[in-house]
Amino acid sequence: MSMLHVVNKSPYERDALATCVGYYRDGDTLLLIEDGVYAAVAAGKAAANLKGLKVAALSSDLKARGVGEDKLIEGLQLVDYAGFVDLVATADRVQSWL
Amino acid sequence: MSAIKKFMYVNRRAPYGTIYAWESLEVVLIGAAFDQDVSLAFIGDGVYQLTANQDTTGAGFKNFSPTYAALGDYEVTKVYVEKESLEERGLSLDDLQHLTWEDEDEDYAEKDSIRLVSRAELAEVLADQDVLFNF
């Protein structure tokens, strides 16, 4: 059974990402959208939360915020809106950490 | 004519997740018409407002980041960016827009608007203001 965790808040302003990571189990996927995508910047402090997790990010939200692909953590899956839908459809359930 | 006051706008939010950043920029531009001594500070997630290469075409909302380049024309020439906030987020000055203003007292020489300051230095700047606006 797999869960898709969706985080849309900046890891530097809210504890949504930190809380989410505590609930992440093997086989789950963590999707970063909106201000959540800032967590995927490799040189940022928050990236440490994502080590060893299966992480995806919405590419249009990264582009909107000026985050270049060369700045991202390794192994990050970039998805478009269709890819977002696929992740939701593939997961057994979705948890949005608002 | 009343005395000129020091107005400081403190920006602490990322640009698109909430309306604060856009509202702040609008207030700054409106306020610039009133001939005050205006400064801007970018602290915490506020530093994200100034990142270069923002492209919202795929996201479906308005990219207002080019507007920051107009601040110099409104004589808003003091833009303080907190160093610690940049570093924590894996950013450097190179990741930000290059904001400039033209100094009419020096034959319109182009000067940098962004002042990279430490938290302690910025605290001193805040302490020197007459009015603080928070966004």
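A residue is called buried if 20 or more other C-beta atoms lie within 10 Å of its own, exposed if 12 or fewer, and partly exposed in between, with C-beta atoms placed from the backbone. This is a predicted model, in which local features need pLDDT of at least 70 and side-chain atom pairs count only at pLDDT 80 or more, while totals for chains, interfaces and linings use all residues. Residues are numbered from 1 along each chain as its sequence is written, and chains are lettered from A and ligands numbered from 1 in the order in which they are written.

Q: Which exposed residues does the face of H1(B) turned away from its buried side carry?
A: That face carries B:Glu23 and B:Ile30.

Q: What makes the buried residues of H1(B) line one face of the helix?
A: The buried residues are B:Ala21, B:Ser24, B:Leu25 and B:Val28. Seen down the helix axis, they fall within an arc of 100°, so they line one face; the arc is that of the directions from the axis to the C-beta atoms.

Q: Why is B:Arg89 called buried?
A: B:Arg89 has 25 other C-beta atoms within 10 Å, and the definition asks for 20 or more; therefore B:Arg89 is buried.

Q: What does B:Arg89 touch, not counting residues up to four places away in sequence?
A: B:Arg89 touches A:Tyr12, A:Tyr38, A:Val41, A:Gly44 and B:Val47. Contact requires C-beta atoms, placed from the backbone, to lie within 7 Å.

Q: How many residues of chain A are in contact with chain B?
A: 18 residues of chain A are in contact with 17 residues of chain B.

Note on methods
Contact = placed C-beta atoms within 7 Å. Helix = DSSP H or I, 4+ residues; strand = E, 2+ residues; numbered from the N terminus.
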